[in-house]
Amino acid sequence: MLELAEWIIPDEAKAALTPAECFILTLSIYFHDLGLLITRSEFKERKKSGYTTWVEDHLFKGTEGEDYQSRLNEMETDVRERLLYQEFVRYNHGSRVRAWLEGSFKSELGLTDNVVSEIQLLVGKLSLTLRRDIAKVCESHNLDDIEDTNKYGLSQPYGNSDKEEADLQYIATILRTVDLLQISNSRAPSALYRVISPSDPISQVEWHKQNAVTRVRRKTMTDQEGRSDAALPSDTIEVFAHFDQAEGFFGLTSYLRYAESQLERSFQAIEKSRKQHGGIHTFPWRKVDDRKVEAEGFIPRTFGFELDQKRILTLLTGHTLYNDSSVVIRELVQNAIDAVRLQWRSDDVSKVGKVTITWDSDKGELTVSDNGTGMTQDIVERHLLKVGSSRYQDSQFKKDYPDFNPISRFGIGVLTAFMVADSVEIITVTPEEDEARQISLRTVHGKYLIRLLPKDAEAVLPLGLHGTSISLRLRPSAKQVDVLSTVQRWIVFPGCDIEVLADNEPAVQVGFARPADALDSYLKTFKGKRLIGTRSYRIIEKEVSGVDLAYAIAKDEFFKDWSLVGSGDPRTRQDDENAPIGTCIQGIAVDFNTPGFDGQTILAIANATGSSAPRTNVARSAIEDTKERLTTISKIYNLFAEQVKDEVNRLSHEEEYSLSWAVGQAPFIAAPYTSPRAAQIDRGAFAESVSQLPLFLLESGGKRISASLDELVEKAELWLIEAPLIRSVESLIREAATDVTARSIIEVTHGTGWLPQGDIISNATTSALALDTLQRRFELKEIRAVESERRIDARLGLIGDDTIWLNSDKVIYGLRQLDTRAAYQFTEMFRDRARSRQSSASTYIPLCDVPIAGLEGYGSVDVLRATYLLPGHQVGTRIVELYQEGTFESLAQATLYIEVANVLRSRGSRSQDANVALITRFMKQIDTALVESSINTDELLVSVREGEFRYFDPLAWTRREEGTDAEF
């Protein structure tokens with residue numbers, strides 16, 4: 001760094017440096033990064049400092065912090081923890097070294113009392129003033145206050161001669177500069193981490209790891225004829241680097257942009273001191289040339305975004321983006337609705353507010369007029385024609401109207417008109433001004449004219465005392481649309497009177513007061529009636545915290561239950577844009593999928609209003625992925641779940657079905673809501689709502705009750721009994737006129753000790769929904785078998801931090817992370833084989849000892865619709881070993897081992913030789929190209945020979961008489 005300072009400091013400035021300045025510069029270079037020192041003891045005691053609070057309040061704060069945290073999660077735990085503490089130290093290292101030099105100990109900066117003692121042995125004999133100023137200069141390179149000449153004096157004395165004076169601002173500037181530019185392969189500057197870390201920790205690591213910077217030097221300037229001349233003054237520093245990977249390249253170039261900004265700032269600070277305070281030193285550096293920073297495999301020239309205002313406006317409004325008239329209609333109408341809502345906010349806006357859309361298809365003329373607030377000259381100048389400036393986002397407007405929630409917020413309303421038109425005429429009138437205004441626009445790139453009109457002018461009279469009309473003539477090339485259908489599609493719950501006058505046809509009212517009205521209107525149409533058929537139906541509307549959801553339910557006359565109405569076969573409804581399915585924000589349609597889903601599953605529509613409503617993107621084609629969006633989706637899921645709960649309760653109490661029957665209908669009632677036909681937008685929130693459904697029958701305390709997953713979790717431990725006897729008893733209870741328990745019946749037939757003590761879940765495997773829901777939180781903790789009774793008692797407990805079972809799906813998932821194509825081939829091949837042998841859907845392998853009783857001589861057990869390999873199983877042990885290796889080859893081999901176990905299980909009990917022969921044939925049948933050299937066949941056959949492959953299935957003891965349906 002001292003060598004770097006040799007050319008950073010101009011010759012004339014070096015000649016003027018005092019011994020005091022050289023002394024302080026030398027010591028500050030020596031000490032300034034000492035704050036980065038982390039002892040082992042300090043790192044071990046890091047939780048006792050301000051580290052944890054700093055990470056949460058500074059590093060992880062805001063959207064950028066969330067992005068940074070997600071990148072950190074890609075790292076291993078120990079690497080992540082070390083990097084986080086390094087970030088804490090890097091951020092505070094200037095303060096740390098200042099405190100150490102001054103002799104103070106601040107535990108919030110790290111437990112470093114031993115370091116303070118060592119440093120004081122070095123600097124303790126210096127004067128207090130000198131130590132203080134060296135400390136300030138050291139800290140300065142980590143602060144942004146270089147302009148403060150009160151803090152960094154221009155002539156600070158330490159003795160009684162000129163040689164004992166120092167310009168602290170200049171010394172701090174030189175220290176800051178050499179620290180910024182010391183980026184060769186021997187060192188990365190501390191400022192790098194402060195600048196790059198908040199956005200991309202991987203880039204900073206890659207840069208430092210690659211040691212790619214080869215040279216930093218003064219750039220030789222050229223004369224007017226283009227010849228290099230070292231004698232010419234230079235203000236530019238050039239950097240040479242070559243990267244093997246792009247990440248490090250991006251990290252360095254991002255840093256150099258910051259470094260250039262700091263050079264310019266330092267230049268301005270020194271120049272200001274020279275002009276205003278008599279500073280004598282010069283600092284010429286202002287620019288960084290990074291054109292010699294290259295990345296292998298990329299074009300040896302960097303590119304950046306360039307903004308062309310004229311071109312951007314053309315792209316936004318002309319032929320090159322899209323000429324979609326429906327976008328313009330929607331934007332202009334919703335702007336009009338905002339103005340109406342604002343004008344009539346204290347009245348019943350639905351009765352007095354009005355928007356009129358007039359369309360002449362022959363002339364291609366569209367007019368949108370409203371009786372809203374109108375616009376003053378100030379609003380016209382500051383917002384109407386200022387792209388991106390929305391009146392409703394103005395701080396003063398928000399202060400004046402804190403409860404007003406506009407549809408529009410981007411300030412591009414009128415701009416969109418130029419997507420389809422080359423001329424726009426606006427007339428606006430407001431009581432706040434004496435005259436109305438006519439605004440004429442002919443091109444988005446040119447000027448515009450405003451004409452003052454008397455309020456009794458013919459063009460103004462239709463607007464009354466306040467309002468606005470916007471008229472435009474569409475270009476012939478613009479996409480022609482059905483104006484009425486477009487308004488009906490987008491403007492769903494306007495909250496005011498919307499009227500469409502198209503081609504002199506009678507006026508048509510558009511929009512609905514509430515979501516239920518939209519569904520009711522649709523179900524009276526031909527397509528709506530076809531969807532319902534002969535069933536009775538009801539429309540349910542529920543509102544919770546600004547979210548209004550309406551959906552239809554229909555009655556099954558045979559089972560007597562009311563279920564959610566599905567959206568029908570999408571192949572037959574694809575062109576039916578009038579179906580009221582979707583999500584509206586402030587009454588304007590944004591999404592046309594079932595609320596909360598990526599696709600149409602339920603005939604339902606939602607409207608989110610108020611300050612908590614989610615926001616849309618600029619094109620209003622999607623809802624922004626924000627906290628408000630996720631909260632809204634969660635509310636919708638919970639309302640669907642509430643409907644299912646209410647119906648199960650009604651079946652039990654009003655239809656007088658047994659509780660077992662009513663709970664058994666829950667998966668069918670919820671089918672459109674839980675159907676895999678459309679993916680949930682937020683799987684976490686969806687799973688939480690399903691956790692509230694009464695999917696389970698629980699026998700607890702001598703009673704049979706319905707229970708949700710959340711209620712089962714409170715129990716923490718459950719018993720599941722799989723046996724033909726239990727199935728028979730459950731069938732009896734289901735049809736019983738009164739609710740009885742399985743325990744009470746079995747105690748009569750088999751005594752009090754037949755069932756285990758504790759809570760028993762009775763229907764975990766009767767539906768895929770119930771089973772999948774249960775397995776999200778519970779796993780097998782103990783297995784007891786009684787072969788003579790064809791029975792399994794399975795104790796279930798909550799899944800802890802470390803699960804005790806490895807699922808075959810998890811092995812495939814690990815394989816997919818490494819090679820998606822190969823994982824797909826494995827999955828398809830084994831799925832086809834599973835169908836042919838009708839085996840269990842999943843295989844579980846123990847990761848630790850699990851209590852097992854009554855299964856001596858067996859290798860696996862079928863329970864919970866899955867196959868569980870028992871502890872000690874030769875193949876199971878090998879699967880776990882291969883999975884834990886985590887390579888593609890080991891995971892591919894583990895997948896094959898699982899399939900081998902399934903093949904042998906499907907063939908039942910056989911001799912060891914027969915098993916070996918079976919697997920030998922199996923290995924020849926599978927796709928050899930898929931396996932390649934990833935499996936050791938000899939090792940596999942040894943495991944097969946030594947393993948036990950008898951399986952226990954408590955429900956396998958059935959016989960069927962040929963030619964009949966009778967079973968025994």
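R790 counts as partly exposed, at 34% relative accessibility. That value lies between the 20% limit for buried and the 50% limit for exposed, so R790 belongs to neither of those two classes. The model described here is a predicted one.

R790 sits in a loop. The loop links β26 (778-786) to β27 (791-798). The backbone of R790 has a positive phi of about 50°, although R790 is not a glycine.

**The chain as a whole**

The protein chain has 968 residues, and 50% of them count as buried. It contains 38 helices and 33 strands. Take the contacts in the chain with a separation of 6 or more: residues 24 or more positions apart account for 67% of them.

**The seven-stranded sheet**

The strands on both sides of R790's loop, β26 and β27, belong to an open sheet of seven strands. The order is β23-β22-β25-β24-β27-β26-β30, and the pairing is mixed. Which strands stand at the edges of this sheet? They are β23 (703-707) and β30 (852-853). Each has a single partner strand, so one side of each is left without a neighbour in the sheet.

The partner of β23 is β22, residues 696-700. These two strands pair in the antiparallel sense, over five bridges. Within that pair, L697 stands opposite S706 of β23.

A helix lies across part of the sheet. Helix α31 covers residues 768-775. It crosses β22, β25 (760-761), β26 and β27, and it runs at about 65° to β22.

**A hairpin with an unusual turn**

Q586 also has a positive phi without being a glycine; its value is about 55°. Where is Q586 found? It is in the loop between β17 (582-585) and β18 (588-591). The two strands form a hairpin with two residues between them. They run antiparallel and are joined by three bridges. I585 stands opposite I588 in β18. Q586 itself is buried, with a relative accessible area of 6%.

**The three-stranded sheet**

Another open sheet has three strands, in the order β3-β4-β5, again with mixed pairing. Its edges are β3 (213-218) and β5 (287-295). Each of these edge strands has a single partner, so one side of each lacks a neighbour in the sheet. The twist averages 10° from one strand to the next.

Strand β4 covers residues 236-243. It runs parallel to β5, and seven bridges join the two. One of the residues involved is H242, whose bridge partner in β5 is E294.

**Two buried side chains and their partners**

F267 is part of helix α13, residues 246-276. F267 counts as buried, at 14% relative accessibility. F283 is 16 residues away along the chain, yet the C-alpha atoms of F267 and F283 are separated by 5.8 Å. Which residues does F267 touch, leaving aside its neighbours within four places in sequence? They are F283, P284, W285 and R286.

D548 lies in strand β15, residues 547-555. It is buried, with a relative accessible area of 10%. Its side chain makes a polar contact with the side chain of R514, at 2.8 Å. Beyond its neighbours within four places in sequence, D548 also has contacts with several other residues, among them P515, E541, K542 and E543. The contacts of D548 include I605, A606 and N607 too.

The table sets these residues beside the two loop residues.

| Residue | Location | Relative accessible area |
|---|---|---|
| Q586 | loop between β17 and β18 | 6% (buried) |
| D548 | strand β15 | 10% (buried) |
| F267 | helix α13 | 14% (buried) |
| R790 | loop between β26 and β27 | 34% (partly exposed) |

**Two helices that cross**

Helix α5 (residues 51-59) packs against helix α7 (residues 77-102). Their axes are 10 Å apart, at an angle of about 85°. That makes α5 roughly perpendicular to α7. From α5, the contact uses Y51, W54, V55, H58 and L59. From α7, it uses E81, L84, Y85, E87, F88, Y91 and N92. By class, the contact has eight nonpolar residues, two polar ones and two charged ones.

Notes. Residues are numbered from 1 along each chain as its sequence is written. This is a predicted model: local features need pLDDT of at least 70, side-chain atom pairs count only at pLDDT 80 or more; totals for chains, interfaces and linings use all residues. Side-chain values use heavy atoms; hydrogens and water are left out. Helices (H or I, at least four residues) and strands (E, at least two) are DSSP runs, numbered from the N terminus. Buried means under 20% relative accessible area, exposed over 50%, partly exposed in between (1.4 Å probe, protein chains only). Two strands pair if DSSP finds at least two bridges between them. Contact means heavy atoms within 4.5 Å. Axes are lines fitted to C-alpha atoms, for helices over the stretch in contact, and angles run from 0 to 180 degrees between N-to-C directions. A polar contact is a pair of N or O atoms within 3.5 Å; within protein, one must be able to donate a hydrogen and the other to accept it, and residues adjacent in sequence count only if both atoms are side-chain atoms. Angles under 35 degrees count as roughly parallel, over 145 as roughly antiparallel, 65 to 115 as roughly perpendicular and the rest as oblique. Ala, Val, Leu, Ile, Met, Phe, Trp, Tyr, Cys and Pro count as nonpolar, Asp, Glu, Lys and Arg as charged, and the others, Gly among them, as polar.
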